[in-house]
Amino acid sequence: MNRVTLIGNLGRDPEMRRLENGTPVGRFSVATNDSYKDKNGEFQEQTEWHEIIVWRNQAELAEKYLKKGSTVFVDGKLTHRKWTDTNGIERNITEVVAFVVRPFEKRESNNASFPTQEPPMRAKEPAPAMQIADEHRGNTSLSEAEDDLPF
């Protein structure tokens, strides 16, 4: 099963563009942090950066509501692409194609930056935030996210 779930902070504002057929596609980076004890018993923190791709209404909602520094929940699949840059050098990139993207707010926070009446940032029907993980278990219908990215 190819499944990625992340909770992290946006490293930059989402960038959105439209393909020739008008399909919106967005991208942004998410930083996740991991803490561990080193061999001397001291805590170390490591930050990992993840490139996220969102399609269609998710791309539009991400551009509208997510900003650099926002905490976000991402559920998607891991993809790898190769391309040749303008200098003729072959490049590789690993990305997460997201099928669910939601602002992630702490429960004690009263000043929500994302309107609660807005539907979840998901490719299809809305789902309550607490049911996201259960709802998507075993979901293999990913046609919304299987397009090739022309970046």
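This is a guided tour of a predicted model, moving from its overall confidence through its strands to two individual residues.

Begin by colouring the whole chain by pLDDT, which averages 78, with 70% of the residues scoring at least 70. Among the elements of the chain, strand β1, residues 4-10, has the highest mean pLDDT, at 96, whereas helix α2, residues 132-136, has the lowest, at 37. Select residues 109-151 next: pLDDT stays under 50 throughout this stretch, although the model does give it 75 contacts beyond four places in sequence.

Now turn to the strands, and select β1 together with strand β3, residues 24-37; these two run antiparallel and are joined by 2 bridges. Within this pairing, Leu-10 can be found opposite Val-30 of β3.

Keep β3 on display and add strand β2, residues 15-18, which is antiparallel to β3 and joined to it by 4 bridges. Met-16 has Gly-26 as its bridge partner in β3. If you then follow the chain through the hairpin of β2 and β3, where 5 residues lie between the strands, you can pick out Gly-22, whose phi is positive and near 90 degrees.

The next selection is β3 with strand β4, residues 43-55, a pair that is antiparallel over 13 bridges. Here Asp-34 faces Gln-46, the residue opposite it in β4. The hairpin of β3 and β4 likewise has 5 residues between its strands, and in this hairpin Gly-41 has a positive phi near 85 degrees.

Stay on β4 and centre the view on His-50, which belongs to this strand. Which residues is His-50 in contact with, once its neighbours within four places in sequence are left aside? Displaying the surroundings of His-50 should bring up Leu-6, Phe-28, Ser-29, Val-30 and Thr-32. For Thr-32, show the side chains as well, since a polar contact of 2.8 Å links that of Thr-32 to that of His-50. Val-30, another of the contacts of His-50, is also the residue that stands opposite Leu-10, and is therefore worth keeping labelled while you look around this site.

Finally, move along to helix α1, residues 56-65, and select Arg-56, which is placed in this helix. What is the sign of phi at Arg-56? The angle is positive, at about 55 degrees, even though Arg-56 is not a glycine. Is Arg-56 buried or exposed? Because its relative accessible area is 25%, Arg-56 counts as partly exposed, given that buried means under 20% and exposed over 50%.

Terms used. Residues numbered from 1 in each chain as written. Predicted model: local features only at pLDDT ≥ 70, side-chain atom pairs only at ≥ 80, totals over all residues. Heavy atoms only, no water. Polar contact = N/O pair within 3.5 Å; in protein donor to acceptor, adjacent residues only side chain to side chain. Contact = heavy atoms within 4.5 Å. Buried < 20%, exposed > 50% of the residue type's maximum accessible area, 1.4 Å probe, protein only. Pairing = 2+ DSSP bridges. pLDDT = per-residue confidence, 0-100.
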